[in-house]
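Reader: I am in my first year and still learning to read models like this one. Could you take me slowly through a single part, looking closely at how its charged side chains pair up?

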Amino acid sequence: MKTKVNNRIEEITKKHEKLFIPFITAGDPTAEATIEIALALEEAGASILELGIPYSDPLADGPTIQAASKRALASGMTLEKAMYLVPIMRKKGLTIPVVIFTYYNPVLQYGVEHFVKKAKELEIDGLLVPDLPIEESEELSLLCAANGLSLISLVAPTSKQRIEKIAEQAQGFLYCVSSLGVTGAREEIDPRVYDFLQTVKAVSEIPIAVGFGISNAKQVSLMNQYSDGVVVGSALVSEIEKLEQSLKSEKFRKDALISLKTFVTSLISS
């Protein structure tokens with residue numbers, strides 16, 4: 001049974017006609033840079049921030065985000081350290097919802113109930129756990145609902161007969177995977193995605209956002225015609241990688257952040 005959760009995600013999805021949800025990896029290239037990047041993304045028009053937790057075995061992530069995880073892990077980033085970045089972002093002025101993207105093993109190691117309560121305490125608004133099937137998510141879903149967090153569900157073209165079941169239980173927004181395989185920028189969108197999105201939209205009571213492979217303004221504009229918004233990850237993380245040395249430098253970080261904002265604006269202004 002679906003549990004309604006009233007939080008920042010619910011509020012923002014009512015305000016924004018089209019959602020723009022950027023993904024970044026916590027600690028890439030540094031913790032300090034991550035905080036400033038988050039603020040810059042809100043200034044550039046982000047609706048919701050997806051904050052990825054670096055993980056050594058990221059099954060759903062392509063080479064770009066895997067490389068970002070390696071950089072973040074090398075700099076000492078952990079699940080708990082990443083979570084503690086959020087209240088610092090809030091103190092510096094971040095108002096948009098923050099969704100933590102993490103695999104289930106780090107959550108289990110942390111302690112599921114402890115993790116959810118800590119997330120609430122640190123003003124995190126939602127969780128996305130890509131390797132946790134809907135059939136095994138009841139405990140986490142109930143804990144999230146009890147603590148005012150949205151457990152974001154993923155639905156893929158391969159979900160087929162499970163689409164309606166996933167949509168019925170979805171909270172916040174429903175993340176639609178645009179293509180099979182791992183994350184990563186793609187030159188072309190699989191044309192089969194349009195029928196898939198129409199199917200999902202017909203059964204979903206909450207906004208649907210499309211991710212995996214959305215990497216340029218043309219694709220953003222096209223996907224916005226079939227959905228309520230887009231998630232952009234690898235393309236943004238690639239830009240962060242290009243600006244890595246400048247983002248690490250207090251002297252040059254401001255210019256790097258301007259470049260990132262310009263990139264984001266170019267994606268969503270069409």
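Author: K165 has a relative accessibility of 37%, and it therefore counts as partly exposed. In this predicted model, its partner is E135, with which K165 forms a salt bridge whose closest N and O atoms are 4.0 Å apart. Because E135 lies in the loop between β4 and α7 while K165 belongs to helix α8, the pair ties together parts that are 30 residues apart in sequence.

E135 also forms a salt bridge with R162, and here the closest N and O atoms are 3.0 Å apart. R162 is found in the loop between β5 and α8 (163-169), and E135 in the loop between β4 and α7, so this pair ties together parts that are 27 residues apart in sequence. How accessible is E135? With a relative accessible area of 44%, E135 is partly exposed, and R162, at 28% relative accessibility, counts as partly exposed as well.

The loop that holds E135 leads towards helix α7, which spans residues 138-146 and in which L140, S141, L143, C144 and A145 are buried. These buried residues of α7 pack against two helices, α5 (104-110) and α6 (112-121), and against two strands, β4 (126-128) and β5 (150-155). Just after α7 comes G148, which takes a positive phi of about 75 degrees.

For another salt bridge, you can turn to helix α11 (residues 234-242), where E239 and K242 are three residues apart and thus separated by about one helical turn. Why might such a spacing suit a pair of side chains? An α-helix has 3.6 residues a turn, so residues three or four places apart point the same way. The side chains of E239 and K242 do meet in a salt bridge, at 3.1 Å from N to O. E239 counts as buried, at 18% relative accessibility, whereas K242 counts as exposed, at 61%. Elsewhere, R8, R90, E123 and D125 are joined into one network by salt bridges that share partners.

To place these pairs in the whole, the count of salt bridges comes to 15, in a protein chain that has 28 positive and 34 negative charges, with the mean positions of the two kinds 3 Å apart. The protein chain contains 13 helices and eight strands. Its radius of gyration is 17 Å, close to the 18 Å that the globule rule gives for 270 residues, so the protein chain is as compact as a globular protein of that length. Buried residues make up 59% of the 270 residues.

Methods. Residues are numbered from 1 along each chain as its sequence is written. This is a predicted model: local features need pLDDT of at least 70, side-chain atom pairs count only at pLDDT 80 or more; totals for chains, interfaces and linings use all residues. Side-chain values use heavy atoms; hydrogens and water are left out. Helices (H or I, at least four residues) and strands (E, at least two) are DSSP runs, numbered from the N terminus. The radius of gyration is taken over C-alpha atoms; the globule rule is 2.2 Å times the number of residues to the power 0.38. Buried means under 20% relative accessible area, exposed over 50%, partly exposed in between (1.4 Å probe, protein chains only). Lys and Arg count as positive and Asp and Glu as negative; His and the chain ends are not counted. The place of a charge is taken as NZ of Lys, CZ of Arg, CG of Asp or CD of Glu. Contact means heavy atoms within 4.5 Å.
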